[in-house]
Amino acid sequence: MKVERKQSVVLVPFLLQGHLTPMLQLGSILHSQGFSVIVAHTQHNAPNYSNHPEFVFHSMDDGLKGMDMSFPGLKSIYRMNESCKAPLRNYLVRMMEEEEEGDQLACIIYDNVMFFVDDVATQLKLPSIVLRTFSAACMHSMVTIFQQPEKYFPFEDSQLLDPLPELHPLRFKDVPIHVINNTVPEPVLDFYKRINDIGSSVATIWNTMQDLENSMLLRLQKHYKVPFFPIGPFPKMVPLASLTSILEEDNSCIEWLDRQTPNSVLYVSLGSLVRIDEKELIETAWGLANSEQPFLWVIRPGSVSGFQCAEALPDGYEEMVGERGRIVKWAPQKQVLAHPAIAGFFTHCGWNSTLESICEQVPMICRPSLADQLVNARYLSQIYKVGFELEVMERTVIEKTIRKLMLSEEGKDVKKRVIDMKQNIVAAMQIDGTSHKNLKDLVDFISALPSRLPPATPVVGAIMSSNHTPSKCIIESRS
Ligand code: UDX
């Protein structure tokens, strides 16, 4: 299914780790299918070029210099979208001027948070495709809520545990949108609507599996009316050692894992964005210590409010747990999860971490904090039943939940289910599996795109082209 190496795709990732990783992985996947890959990225959190000698990189002036980017807010995201417009447009214009016969720019693929790309692509009449980095379940919940926000907001405190209408198994407390005083402020609502919109893009790519999320994908496709390509899981489609981390990975923890008994260690990490307070850190520390299970714990610099790093831990904590516990600032997570010593993952349920855990058949303790993590945690614990939800951050509850996952019969059942889930994923990636077929269709789709879209040119594409939905659709391109 490979194309001639000459066709190029330009990828525009969003600058957060959880978004950069899947876009770079997609780049590797498309490169392996014969495309030349150009990554147009922001200056902030620029990827490490030396990890991807196969890509061409282009740095865009993002206008973010001097802004506090420890937790990017709406102001910085809008500013970045505005600032990057001219650099991307100028770069693409130059590329198009220098194009030769058989060496053409096929399309731009962008993260939905980089919504400025739609304007640039429309101006230049270039086809664009959106990469969705969230699960289909999360996108479905957002789309449903935005269709009738008045049905959901404002809500009462007493409703927090009530089911969200039409969104089983979610409750009001699981709304994946930034809620303030039980409602969503207008600017936040506008922002989410903006990133949900795919503008005039001709298709969407999903880091998920059709077999896992088929019903959600079908519902979403009715809404967006463009071809969908669920080709995931990306973590299983690129080499384990492919490096996408912005922070430096501490590989010494692999040697520590090598010294541990197989299937004995709990890996603890809350991803690249979540911040906890000192109280939660201390409760977690005692929960881990009292569980008496070996653990590898990532405490990212800046992840505990008011502290630089692990100095918020009780005095003498590391000496007290000794060889049974290992604390690092950032781990090579994919290698960690693939290590035979790992028995469980205490996670914030970011979509990348979720997929990485399932791909390595590691059952989870779900402690979500914000956005899509809340939806993922509910699906993992209530629908797929491959994890236990942790909703009270007290040491005794944490200790009990860890023991349940690592030592109980219930824990064994969860492990069995995650093994089944992993096997389904492997099947989807085999020839004739849905992800494999969808990737083939994506390659054909991109190769067949008209390189400059004249007004109202119909783009013909398969809707989730594998067996489940063999129908074809015609999409009106931008006018
Ligand atoms: C954010 C959101 O929180 C998440 O919900 C959304 O789906 C994507 O954007 P993040 O919080 O970083 O992402 O979570 P996640 O999606 O899990 O991505 C984190 C990535 O960092 C994973 O690929 C993980 O392997 C990597 N990581 C994490 C490391 O390499 N080392 C670590 O120590 C911790």
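With pairs defined as rings of Phe, Tyr and Trp (its six-membered ring) whose centres lie within 6.5 Å, the count comes to 16 aromatic pairs. The model is a predicted one, in which local features need pLDDT of at least 70 and side-chain atom pairs count only at pLDDT 80 or more, while totals for chains, interfaces and linings use all residues. Residues are numbered from 1 along each chain as its sequence is written, and side-chain values use heavy atoms, with hydrogens and water left out.

**Aromatic rings**

Select Y49 and F57 to begin, where the ring centres are 4.3 Å apart and the planes differ by 5°, a stacked pair; stacked is the word for planes under 30 degrees apart, edge-to-face for those over 60, and tilted for the rest. Y49 is partly exposed at a relative accessible area of 40%, whereas F57 is buried at 15%, where buried means under 20% relative accessible area, exposed over 50%, and partly exposed in between (1.4 Å probe, protein chains only).

Go next to F153 and F155, whose ring centres are 6.3 Å apart and whose planes meet at 40°, so this pair is tilted. F153 is buried at 8% relative accessibility, and F155 is buried too, at 6%.

Then select Y78, F115, F146, F191 and Y192 together, since ring pairs link these residues into a cluster. To see a charge over a ring, select K404 and F388: the charged end of K404 sits over the ring of F388, 4.2 Å from its centre. The rule here asks for NZ of Lys or CZ of Arg within 6 Å of the ring centre and within 35 degrees of the ring normal.

**The ligand**

Select the ligand and the residues near it, that is, those with a heavy atom within 4 Å; 22 residues surround the ligand, and the closest are S272, S353, E356, D372 and Q373. For polar contacts, which are pairs of N or O atoms within 3.5 Å, look first at E356, where a polar side-chain atom lies 2.6 Å from an oxygen atom of the ligand. At N352 a polar side-chain atom is 2.8 Å from a ligand oxygen atom, and at W351 a backbone N or O atom is 3.1 Å from an oxygen atom of the ligand.

On its own the ligand has 650 Å² of accessible area, of which the protein covers 97%, with areas taken from the Shrake-Rupley method and a 1.4 Å probe. Colour α1 (17-32), β8 (265-269), α13 (351-359) and α14 (372-383), the elements that give two or more residues to the shell around the ligand; helices (H or I, at least four residues) and strands (E, at least two) are DSSP runs, numbered from the N terminus.

**Backbone features**

Most residues other than glycine have a negative phi, and most peptide bonds are trans. Return to F153, which is joined to P154 by a cis peptide bond with omega of about -10°; P154 lies in the loop between α5 (136-147) and α6 (186-196). A cis peptide bond also joins G232 and P233, with omega of about 5°, and P233 is placed in the loop between β7 (228-230) and α8 (234-237).

In the loop between α5 and α6, select N182, a residue other than glycine with a positive phi, near 60°. N182 is buried, with a relative accessible area of 17%. Q361, in the loop between α13 and β12 (364-366), likewise has a positive phi, near 50°, but Q361 is partly exposed at 24%.

**Distances along and across the chain**

Select P294, in the loop between α10 (278-291) and β9 (295-298), together with G325: their C-alpha atoms are 5.6 Å apart in space, although the two residues are 31 apart in sequence. P294 is buried, at a relative accessible area of 15%. Then select Q7, in the segment before β1 (8-12), and I282, which is 275 residues from Q7 along the chain and 53 Å away, C-alpha to C-alpha. Q7 counts as buried at 19% relative accessibility.

**Cysteines**

Why is the sulfur of C138 not in a bond with the closest cysteine sulfur? The closest cysteine sulfur, in C349, is 12 Å from that of C138, too far for a bond. C138 is buried at 0% relative accessible area, and C107 is also buried, at 0%. With a disulfide taken as a pair of cysteine sulfur atoms within 2.5 Å, the structure holds zero disulfides.

Note on methods. Polar contact = N/O pair within 3.5 Å; in protein donor to acceptor, adjacent residues only side chain to side chain.
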